[in-house]
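The following exercises ask you to work through helix packing, internal cavities and backbone geometry in a single chain. Please attempt each task with the structure open before reading its solution.

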Amino acid sequence: MSMHIWWLNLHPDTCNPDETWDTTMLRDLLTGRFGPVPDFGDVICISGRHHYDDVDAINAAIAKYQGVVVIIHSDEESLFPVERLVHPNMRLWVQTPKPGRHNGLTMTSFPVGYTPHTQHPPMPLDDPPNDWGFAGQITNSRREEAAAAMRGMSNNGSALFTAGFTQGYPPDMYASLLHQSKTVPCPSGPVIADCFRIWEALQYGAIPLVDAVLPNGSKSELANDLTWSPMRRIDESWDDLAATVRDVTGDSWLMKTNTHQVWWLAYKKHLAQLLAGDITAVTDRRFNHPGVPVTVLMPTSPVMSHPSTEIIEQTIESVRERLPDAEIIIMVDGVRDEQEHLRHRYETYTRRLLWFANHRWGNVTVNLHSEHRHQVQMTRIALDLVKTNTILFVEHDTPLVGDIDFAGLVKSIELSEFRVARLHHESHILDAHMHLMIGDGPHTMPLFYGDMPVWLTTQWSQRPHLASAFFYKRWLDEWFGPKAISMIEDRMHGAAQERDWDEFQIVIYTPEGDSIQRSTHLDARGEDPKFPMDFDNA
C-alpha cells in the first residue's frame with residue numbers, strides 16, 4: 001500500500017504542476033525527504049491560482065474519499081476560496097497564506113520553499129567571500145528601500161537589481177551568488193513577505209535577513225510564523241542594513257549560521273511530522289515508522305582532525321547500512337575552555353556536518369549546544385526527544401562492523417529480557433575483563449522473541465550499545481548530579497560493578513563465528529588529554 005498523491009489539474013493548457021517552482025519543497029516533503037511519512041492515505045494538491053473558480057468541482061472530487069489532506073499551493077495572491085471547501089474529514093494545508101485572508105480557518109501554513117536549481121546545493125564554503133549577496137526584482141516600496149540601502153553599503157557584497165521575475169542571473173550564476181554569500185537580504189514581495197530567496201539562502205548555508213513589514217506597512221505573516229526561528233528580521237526600516245550585516249557576519253558568524261541550519265533541519269522535520277499526523281488523523285490509522293524501532297544517539301565534540309568530517313561520515317554510514325530508517329540524533333557539544341583553540345575548526349566541522357544532515361543523510365536531528373555539556377547533559381536533553389523504547393548509543397568515532405541482529409536485540413530489550421546490549425569492540429573477551437563476566441562463557445538466552453546469543457556481564461562500556469530509554473533516563477538521574485559535566489562511562493563503569501546484575505542487566509552480543517567484534521574505534525581524540533569529569537555539579 002502507498003500514499004495516493006493526486007496533483008489535481010483541471011486546466012492542463014495553462015497549469016503544469018511539474019513545472020511549478022512552488023512545488024519543489026512540497027514534493028520533497030511528500031516523498032519523505034524531511035522525515036518519514038505514512039505509506040497510506042490520500043493527499044490532493046491543488047494549484048490555487050489556476051483553480052480559484054473550480055471549488056464546486058473540487059468538492060465533488062474529494063467527496064469520494066473517506067478522509068483527505070487537501071494542499072493548496074501556488075497561490076501567492078490567495079485567490080482560492082479555501083473557506084468554501086467542504087468535507088467531513090479533511091485536513092487543510094495552505095502555501096503562503098495572505099495576512100488576514102484565512103482568519104478563523106483551521107489549517108497548516110507552509111512556505112513557498114526553494115526552487116529546483118537550489119534543491120541539491122553543494123557543500124557550503126567554509127568562509128564565503130561576500131558578506132552579503134542579492135539578485136532580484138525591485139517592484140515595491142520595501143524592495144526600493146532595501147535596494148537603496150544596498151547601493152550605499154560599503155560592506156563586501158554583490159547585488160543585481162532587475163525589473164521583473166527571472167530577468168536576472170541564470171540559475172547557475174544565482175546559485176553561485178548564494179554559495180559565496182554569508183547573508184542574503186530578503187525584502188518583501190508585493191503581497192506577502194515569503195519568497196524563494198529566504199529558503200534558497202538557507203539551502204546554501206547563508207543567513208537570510210527577512211522582512212517583517214509588507215509594502216502597505218502592516219506586519220508580515222512571517223513575523224508571526226518565524227518567531228521561533230533564529231532568523232534576523234528587519235522589523236522597521238532597511239536603512240540600517242549595513243550595520244545588520246556587520247553584526248551578523250562578525251566573529252560569531254559560524255555559530256550563527258550553524259544555528260540557522262539546525263533550525264532549518266528541525267523546521268523541515270516539523271513539517272513532515274505535521275503531515276504524518278494529519279494523514280493518520282483522517283485515515284484513523286496508526287503510523288508505524290519503518291524499520292527497527294530504535295533511536296541512535298551520537299555525541300561529537302572538538303578533536304584535532306576537524307574540520308574534516310571523515311570520521312563521523314564513516315560512523316554514520318556504518319549505522320545507515322544496518323539501520324537505514326532509524327532516527328539519528330547527533331549531539332554536538334559546546335567548546336570547553338581548554339579547547340578554545342579548536343573552536344574555529346570545530347564550528348567549520350559543524351557547518352559541514354549540518355550540510356550532510358540537511359541534504360544527504362536523511363532522518364537526522366542535530367542538537368547544537370552553545371556551551372560545553374559533555375555526554376551526561378547532552379544525552380539527558382536528547383532522551384526527551386526519543387520516541388522509541390530503545391536507544392543505540394554510538395560515539396562519533398566508533399563505527400559498527402559485521403552483521404548485527406538489531407531486530408532481535410531491540411525486541412529482547414522491549415520484552416525486558418535485558419536492559420543493555422553491548423556491541424563488543426574486541427574479537428573476544430580479554431583476559432583482564434574475565435572477572436567482570438558472569439558464567440563460563442556465552443550462552444543462548446531462551447527469550448520470548450527467540451534465542452539470542454549473549455554473555456552476561458557487569459562491565460559497562462560507552463562503546464556502541466543498545467539500551468532501554470526508560471532505564472537510561474533513570475540511571476542518569478540516579479548516578480549523576482543535575483548539572484553533571486562528564487562522560488557517562490566514567491561513573492557507570494563503577495556503578496555496574498557495585499550493584500547486582502539485575503540492576504543494569506548488561507549483556508554482550510556474542511554471535512556465532514570467529515569474532516564477536518561488532519564495533520571498532522577510529523580514535524578521533526588521539527593524544528589529546530582526557531579532561532577532569534564533574535559528576536555532581538548541582
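**Exercise 1.** By class, how many nonpolar, polar and charged residues does the lining of the largest cavity have?

*Solution.* Since the model is predicted, the steps below describe computed geometry.

Step 1. Begin with the cavities themselves: the count comes to three cavities of 30 Å³ or more, and the largest cavity has a volume of about 70 Å³.

Step 2. List the residues that line the largest cavity, which are Met-255, Asn-258, Asp-333, Gly-334, Val-335, Arg-343, Tyr-346, Glu-347, Thr-350, Leu-368, His-369 and Ser-370.

Step 3. Assign these residues to elements: α8 and α10 (343-361) are the elements that give two or more residues to this lining, and the largest share, four residues, comes from α10.

Step 4. Sorting the lining of the largest cavity by class then gives four nonpolar, five polar and three charged residues.

**Exercise 2.** At roughly what angle do the axes of α8 and α10 cross, and which residues make the contact?

*Solution.* Step 1. The axes of α8 and α10 come within 10 Å and cross at roughly 20°.

Step 2. Angles under 35 degrees count as roughly parallel, and α8 and α10 are therefore roughly parallel to each other; their crossing is left-handed.

Step 3. On the α8 side the contact is made by Trp-253, Leu-254, Met-255, Thr-257, Asn-258, Gln-261, Val-262, Trp-264, Leu-265 and Lys-268, and on the α10 side by His-344, Glu-347, Thr-348, Thr-350, Arg-351, Leu-354, Ala-357 and Asn-358.

Step 4. By class, this contact of α8 with α10 has eight nonpolar, seven polar and three charged residues.

**Exercise 3.** How is α5 oriented with respect to α8, and which residues of the two helices are in contact?

*Solution.* Step 1. Helix α5 (residues 196-203) packs against helix α8 (residues 253-283) at an angle of about 115°, with the two axes 10 Å apart.

Step 2. That angle makes α5 roughly perpendicular to α8, and α5 passes α8 in a left-handed crossing.

Step 3. Trp-199, Leu-202 and Gln-203 of α5 make the contact with His-260, Gln-261, Trp-263, Trp-264, Tyr-267 and Lys-268 of α8, and the residues of this contact divide into five nonpolar, three polar and one charged.

**Exercise 4.** Which term describes the orientation of α11 to α13?

*Solution.* Step 1. Helix α11 (residues 374-383) and helix α13 (residues 469-479) pack at an angle of about 140°, and their axes lie 11 Å apart.

Step 2. With that angle, α11 is oblique to α13, and the crossing of the two helices is left-handed.

Step 3. In the contact, Val-376, Thr-379, Arg-380 and Leu-383 in α11 meet Ala-469, Tyr-472, Lys-473, Leu-476 and Asp-477 in α13, a set of residues that divides into five nonpolar, one polar and three charged.

**Exercise 5.** Which peptide bond is cis, with omega near 20°, and where is Asp-284, a residue with a positive phi, found?

*Solution.* Step 1. Recall the background: most residues other than glycine have a negative phi, and most peptide bonds are trans.

Step 2. The peptide bond from His-306 to Pro-307 is cis, with omega near 20°, and the place of Pro-307 is in the loop between β11 (294-300) and α9 (310-322).

Step 3. Asp-284, although not a glycine, has a positive phi of about 55°, and this residue is found in the loop between α8 and β11.

Key:
Residues are numbered from 1 along each chain as its sequence is written. This is a predicted model: local features need pLDDT of at least 70, side-chain atom pairs count only at pLDDT 80 or more; totals for chains, interfaces and linings use all residues. Side-chain values use heavy atoms; hydrogens and water are left out. Axes are lines fitted to C-alpha atoms, for helices over the stretch in contact, and angles run from 0 to 180 degrees between N-to-C directions. Angles under 35 degrees count as roughly parallel, over 145 as roughly antiparallel, 65 to 115 as roughly perpendicular and the rest as oblique. A crossing is left-handed if the near helix is turned anticlockwise from the far one by less than a right angle, and right-handed if clockwise. Contact means heavy atoms within 4.5 Å. Ala, Val, Leu, Ile, Met, Phe, Trp, Tyr, Cys and Pro count as nonpolar, Asp, Glu, Lys and Arg as charged, and the others, Gly among them, as polar. On a 1 Å grid over the protein atoms alone, a cavity is a set of points where a 1.4 Å probe fits but cannot get out, and a pocket is an open set with protein on both sides within 12 Å along at least five of seven lines; lining residues have an atom within 4 Å of a point. Grid points are joined across faces, edges and corners, and a volume is the space filled by probe spheres set on the points.
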